[in-house]
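Biologist: Here's a model I'd like to go through with you. Start with the terms, please, and then I'll ask about the holes, the rings and the strands.

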Amino acid sequence: MIARRRVLAAGAAGSAALTLAACGSGGSGGSGGGDTDPTDTEANADKTVTLWIMQGTNAKTDEYVEALKTAFTEKTGATLDVQVQPWDGAHDKFVTAMSGGTGPDVAEVGTTWTPEFADAGGLSDLTAEIEEAGLGDGLVQGLVESGTLDGMTYGMPWYAGVRSILANKEMLEAAGVAEQPQSWEDLLTMITTIKEQNPDTIPFPVAGASLFSMLPFVWGAGGDIATQEGEQWKATINSPESVEGLTWYTDLALKHDASTAAASTWKETDSLAAFLQGDVAMFITGSWVPATIEQDSPEMFEKLVAYTIPAKDGAVAKSFLGGSHLCRFEDSEEPELAFELIKLMATGEFATRWATETNFFPGEQAALDEVVASGNELTQVFAQQMSEGGTSVPVTPAWGKIEGKKTLPTLLTNVLGGTDAQQAADTAAEEMDQIFQS
């Protein structure tokens, strides 16, 4: 029986709103309510658990899946059916599956979707099982936060990525500014010095289509996107602190000539392309990007240096911690086996293996520590940003609608286009509050 009967928001993929059916097809009730012993291999021999994972994250998915199937069967006796799903259209497919009770037992769910699907009644509460398994204190907290709604955990942290600064070390050393910036003032000094010595270089592109490059400056000034007051969320993107961060970041382009007019429409991939061409000195990008550079441009990879994105008065600002959770569908007929699969994937050998193969960070702290210890200096910088500053967008089902309307990217492009920052932020806050209250 699905207890929560709210309406699914139209999320990033733009689905139509759907209300989940009140009853599932033999659901678990969100507490693992069956009586299967997940370690009784003989009793589980005729059972099958279905897993959906998303396409494109891991170039070695086939090898990983075969190893996972073997390990799961050895541990439980059950068969694992893995179905790889494309990200394109995935939101709608999840909605349809949850509405009709046709989903898998376990699925990879993007961190910004988990609260929406949980609120709609499609996902099981894993809180008690995580605690009983002794995992409650061993998970990366930023991922726990994004998978928790009303104090209950619906998403088991699986993997994550975070954004920091990548730079061309040769350019920075030539300008004499190759040290970690300890504040915004330090970062601005780096930028202006690079521009003085290399007038044709773009020191620090302000990518207008990259929301997650902007947010560290909002957070770094002490601002926020929104805050929760009781059960209601209220936009704070127009607070004095948030506007200060927005203004400082956009002024890099508007007043300090750090960027280029073309970058007002750039995505992160555009910044990367310009960096690989030697036109950009440093830029904000994801922890998974160095591996791409190593593959596509080994010569540039040798020149890479990474820095944490600084806050106004500190070396590490908050930075969006995105990635995926492992979630159990409420309609799973094998909830205990499903959770056994989640544990297998999210901890230990398979957590470390997935992270290593994808160049993302694992959601288990012990696995994260192992990846960092064996990683290079670039990995360690991104890991510092993640462990000291990794944070989430508002954990509310309404966030999907805000993403869908592109409220915050529109705010950024409006300011870069000349709109007063406070005015643009007030407009964005008004639209967000309408969504929060709907």
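Modeller: For sorting linings, Ala, Val, Leu, Ile, Met, Phe, Trp, Tyr, Cys and Pro count as nonpolar, Asp, Glu, Lys and Arg as charged, and the others, Gly among them, as polar. This is a predicted model, so local features need pLDDT of at least 70 and side-chain atom pairs pLDDT 80 or more, while totals for chains, interfaces and linings use all residues. Residues are numbered from 1 along each chain as its sequence is written, and side-chain values use heavy atoms, leaving out hydrogens and water.

Biologist: Okay, how does the lining of the largest cavity divide by class?

Modeller: A cavity is a set of points, on a 1 Å grid over the protein atoms alone, where a 1.4 Å probe fits but cannot get out, and lining residues have an atom within 4 Å of a point. Around the largest cavity sit Thr111, Thr112, Pro115, Ser146, Phe320, Ser392, Val393, Pro394, Val395, Thr396 and Trp399. By class, that lining is six nonpolar, five polar and no charged.

Biologist: And how much space lies in the largest cavity?

Modeller: The model has three cavities of 30 Å³ or more. A volume here is the space filled by probe spheres set on the grid points, which are joined across faces, edges and corners. For the largest cavity that gives about 60 Å³.

Biologist: Which elements each supply at least two residues to the lining of the second largest cavity?

Modeller: That cavity holds about 50 Å³. Pro205, Ala207, Ser213, Tyr249, Glu268, Ser271, Phe283 and Ile284 line it, and they divide into five nonpolar, two polar and one charged. Helices (H or I, at least four residues) and strands (E, at least two) are DSSP runs numbered from the N terminus. The elements with at least two lining residues each are helix 10 and strand 10 (282-286).

Biologist: Now the open spaces: which residues lie nearest the centre of the largest pocket?

Modeller: A pocket is an open set of points with protein on both sides within 12 Å along at least five of seven lines. The largest pocket has a volume of about 1,800 Å³, and its lining divides into 19 nonpolar, 22 polar and eight charged residues. Among the elements that each supply at least two of them are strand 6 (156-161), helix 8 (211-220), helix 10 (268-276) and strand 13 (322-328). Out of 49 lining residues, the ones nearest the centre are Arg163, Phe212, Glu268, Trp288 and Phe320.

Biologist: Next, the rings: why is the pair of Phe275 and Phe283 called what it is?

Modeller: Rings of Phe, Tyr and Trp (its six-membered ring) pair if their centres lie within 6.5 Å; planes under 30 degrees apart are stacked, over 60 edge-to-face, and the rest tilted. The model has 21 such aromatic pairs. With Phe275 and Phe283, the ring centres are 4.9 Å apart and the planes are at 40°, so the pair is tilted.

Biologist: Are Phe275 and Phe283 buried or exposed?

Modeller: Relative accessible area (1.4 Å probe, protein chains only) decides it: under 20% is buried, over 50% exposed, and in between partly exposed. Phe275 and Phe283 are both buried.

Biologist: Which residues do ring pairs link into a cluster?

Modeller: Two of the members, Trp158 and Tyr159, are neighbours in number, and Tyr159 also stands opposite Pro362 in strand 14. The full cluster is Tyr64, Trp158, Tyr159, Trp288, Phe350, Trp354 and Phe360.

Biologist: On to the six-stranded open sheet: what are its edge strands?

Modeller: Strands count as paired if DSSP finds at least two bridges between them. The order is 2-1-3-13-6-14 with mixed pairing, and strand 6 pairs with strand 14 in the antiparallel sense over two bridges. Pairing on one side only are the edges, strand 2 (79-85) and strand 14 (361-362).

Biologist: Which residue stands opposite Ala167?

Modeller: Strand 7 (residues 163-168) and strand 11 pair antiparallel over four bridges. In strand 11 (residues 304-307), Leu304 and Ala306 point one way and Val305 and Tyr307 the other, and all are buried. Opposite Ala167 stands Val305.

Biologist: Last one: what is the relative accessible area of Asp257?

Modeller: Asp257 is in the loop between helix 9 (240-254) and helix 10. Phi of Asp257 is positive, about 60°, although it is not a glycine. Asp257 is partly exposed because its relative accessible area is 44%.
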